[in-house]
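Here are my notes on the model, set out as numbered points so that you can follow along in your viewer. I hope they are of use as you look around.

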Amino acid sequence: MLLFCFLRFNLSLQQRVEFLSLAVSNSKSFSHSQRKSSSNYTVSTPSDHVAFTTDLDERLEVAKVQIEVQHALSQDMELDDQTKAEYLRRLNETLLDINELYHNFVKPNQLYEQTLHVLHVSGQYAPELVRETWAILIEEARLEAERAHVDEFERVSSAVVDIAKRFIGSENAFPVDVLTLMLQDFAFNHEKSSKAGWAPETMLMAGAEVEQIFDVLDDVFETKVGSNQSNQKD
Amino acid sequence: VKQKLILFLLFVSQQRSPWDTTTGQAFLLSDLSSLLSISISQGRITGGYNSHRSLSATSSFNSSQLQAQRVDNSISSYLVALNSLMAAPRGEPADIDLPRDRKMEVTVNTLRECQNFVKRHF
């Protein structure tokens with residue numbers, strides 16, 4: 001079954017992912033007692049089996065990124081037909097690893113939400129990249145609001161909440177400290193007309209813990225305001 | 001569109017932190033007061049004696065809530081800072097450009113209400 005997933009058989013990406021999902025389910029349901037009774041099974045110890053299942057699970061997570069990338073590229077209006085077809089053919093051909101996906105498809109096509117998915121799945125800590133990616137996603141939402149003549153704070157808030165819900169708890173894709181400060185900056189820099197509490201409230205709606213948000217804002221206070229008070233006393 | 005977004009990124013990276021200005025500080029304090037007010041209205045304040053977050057890791061502290069003692073102490077610091085910002089000797093007030101619900105007087109009132117609530121209930 002696994003061979004079907006990775007070799008260049010004439011299968012769609014969707015079918016490969018279905019085969020991989022089945023392999024993961026089978027591996028998870030394959031109990032220790034079955035392993036003992038199965039003479040053909042090559043994975044011999046429980047720890048081997050756990051490692052094997054974990055590896056399959058991780059490959060499935062990467063495959064889900066690949067599906068998302070394929071979908072995003074199929075919708076990309078800025079690509080010419082020939083380039084798009086070539087990308088989609090290569091994505092259908094076999095399951096790729098996360099580095100190939102990022103460097104050959106996500107990065108060159110500036111797929112920002114998929115960049116966060118890559119950071120989430122790969123467990124890669126890349127503070128500059130995540131900051132830049134969120135800055136662009138926030139600006140995209142603001143531009144959309146501007147074009148549609150709707151409230152930009154509402155649009156940005158709903159975009160952040162929608163994306164963050166997919167990555168909540170992932171410090172690599174949704175770092176609460178970075179996002180809290182970015183939303184504070186956004187609120188301050190855009191006409192200063194934001195409702196008081198807009199940034200922390202958006203973070204709460206996105207699922208961030210109140211203590212984390214408070215820590216971030218209180219740290220800024222201590223650094224920028226509190227320290228001035230101490231200096232004045234001195 | 002993508003090129004415009006890259007230019008925007010360059011622009012953002014060159015911006016100064018707003019929290020270095022007195023207006024930025026008044027703005028930040030209004031958000032802190034709002035966060036505390038929301039936390040109270042959503043029942044996110046809890047009692048106990050952990051007044052600093054470093055203690056929370058070793059206790060059964062729930063990070064979806066704020067410790068009352070810490071909130072009380074923080075509000076006292078914010079009120080001192082606001083008094084200092086409002087007592088600027090010359091020139092325009094720090095919050096002149098800020099919208100009505102972010103004016104320092106509003107922030108002071110919100111913080112006092114939060115502090116009274118915390119003192120009464122914890």
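1. Let's start with helix α7(A), where Tyr112(A), Gln114(A), Thr115(A), Leu116(A), His117(A), Val118(A) and Leu119(A) are buried. Buried means under 20% relative accessible area, exposed over 50%, and partly exposed in between, with a 1.4 Å probe and protein chains only. Helices (H or I, at least four residues) and strands (E, at least two) are DSSP runs, numbered from the N terminus. Just after α7(A), Gly123(A) takes a positive phi of about 70 degrees.

2. A word on conventions: this is a predicted model, in which local features need pLDDT of at least 70 and side-chain atom pairs count only at pLDDT 80 or more, while totals for chains, interfaces and linings use all residues. Residues are numbered from 1 along each chain as its sequence is written, chains are lettered from A and ligands numbered from 1 in the order in which they are written, and side-chain values use heavy atoms, with hydrogens and water left out.

3. Two of the residues buried in α7(A), Gln114(A) and His117(A), turn up again around Glu68(A). Glu68(A) belongs to helix α4 of chain A and, at 16% relative accessibility, counts as buried. Setting aside residues up to four places away in sequence, Glu68(A) touches Gln114(A), His117(A) and Arg166(A), where contact means heavy atoms within 4.5 Å. With Gln114(A) there is also a polar contact from side chain to side chain, at 3.1 Å. A polar contact is a pair of N or O atoms within 3.5 Å; within protein, one must be able to donate a hydrogen and the other to accept it, and residues adjacent in sequence count only if both atoms are side-chain atoms.

4. Helix α4 of chain A, residues 46–75, also holds His49(A). Is His49(A) buried or exposed? At 7% relative accessibility, His49(A) counts as buried. If you want a distance to check, the C-alpha atoms of His49(A) and Glu128(A) are 37 Å apart, with their positions 79 residues apart along the chain.

5. Which residues other than glycine have a positive phi? One is Gln110(A), with phi of about 50 degrees, in the loop between α6 (98–106) and α7 (112–122) of chain A. Gln110(A) is partly exposed, its relative accessible area being 27%. Another is His149(A), whose phi is near 55 degrees. His149(A) sits in the loop between α8 (127–148) and α9 (152–167) of chain A and is exposed, with a relative accessible area of 73%.

6. Turning to chain B, its secondary structure comes to four helices and two strands, in the order α-α-β-β-α-α along the sequence. Of its 122 residues, 43% count as buried. Among contacts in chain B with a separation of 6 or more, 59% are between residues 24 or more positions apart. The accessible surface of chain B is about 6800 Å², with 51% belonging to carbon and sulfur atoms; accessible areas come from the Shrake-Rupley method with a 1.4 Å probe, and for residues only the protein chains shown count as cover.

7. Now the interface. The contact takes 47 residues from chain B and 42 residues from chain A. About 4000 Å² is buried between chain B and chain A, 63% of it from carbon and sulfur atoms; buried area is the accessible area (1.4 Å probe) that two parts lose on being put together, summed over both.

8. How many salt bridges link chain B and chain A? The count is three, a salt bridge being a side-chain nitrogen of Lys or Arg within 4 Å of a carboxyl oxygen of Asp or Glu. One of them pairs Asp20(B) with Lys224(A), the closest N and O atoms being 2.9 Å apart. Across the interface there are also 10 residue pairs in polar contact, both residues at pLDDT 80 or more. On the chain B side, the elements giving two or more residues are α1 (2–13), α2 (22–41) and α3 (68–86), and the largest share, 14 residues, comes from α2(B).

9. Finally, have a look at Phe27(B) in helix α2 of chain B. Phe27(B) is buried, with a relative accessible area of 0%. Leaving aside neighbours within four places in sequence, Phe27(B) is in contact with Gln184(A), Ala187(A), Phe188(A) and Ser194(A), and with Trp19(B), Leu98(B) and Arg102(B).
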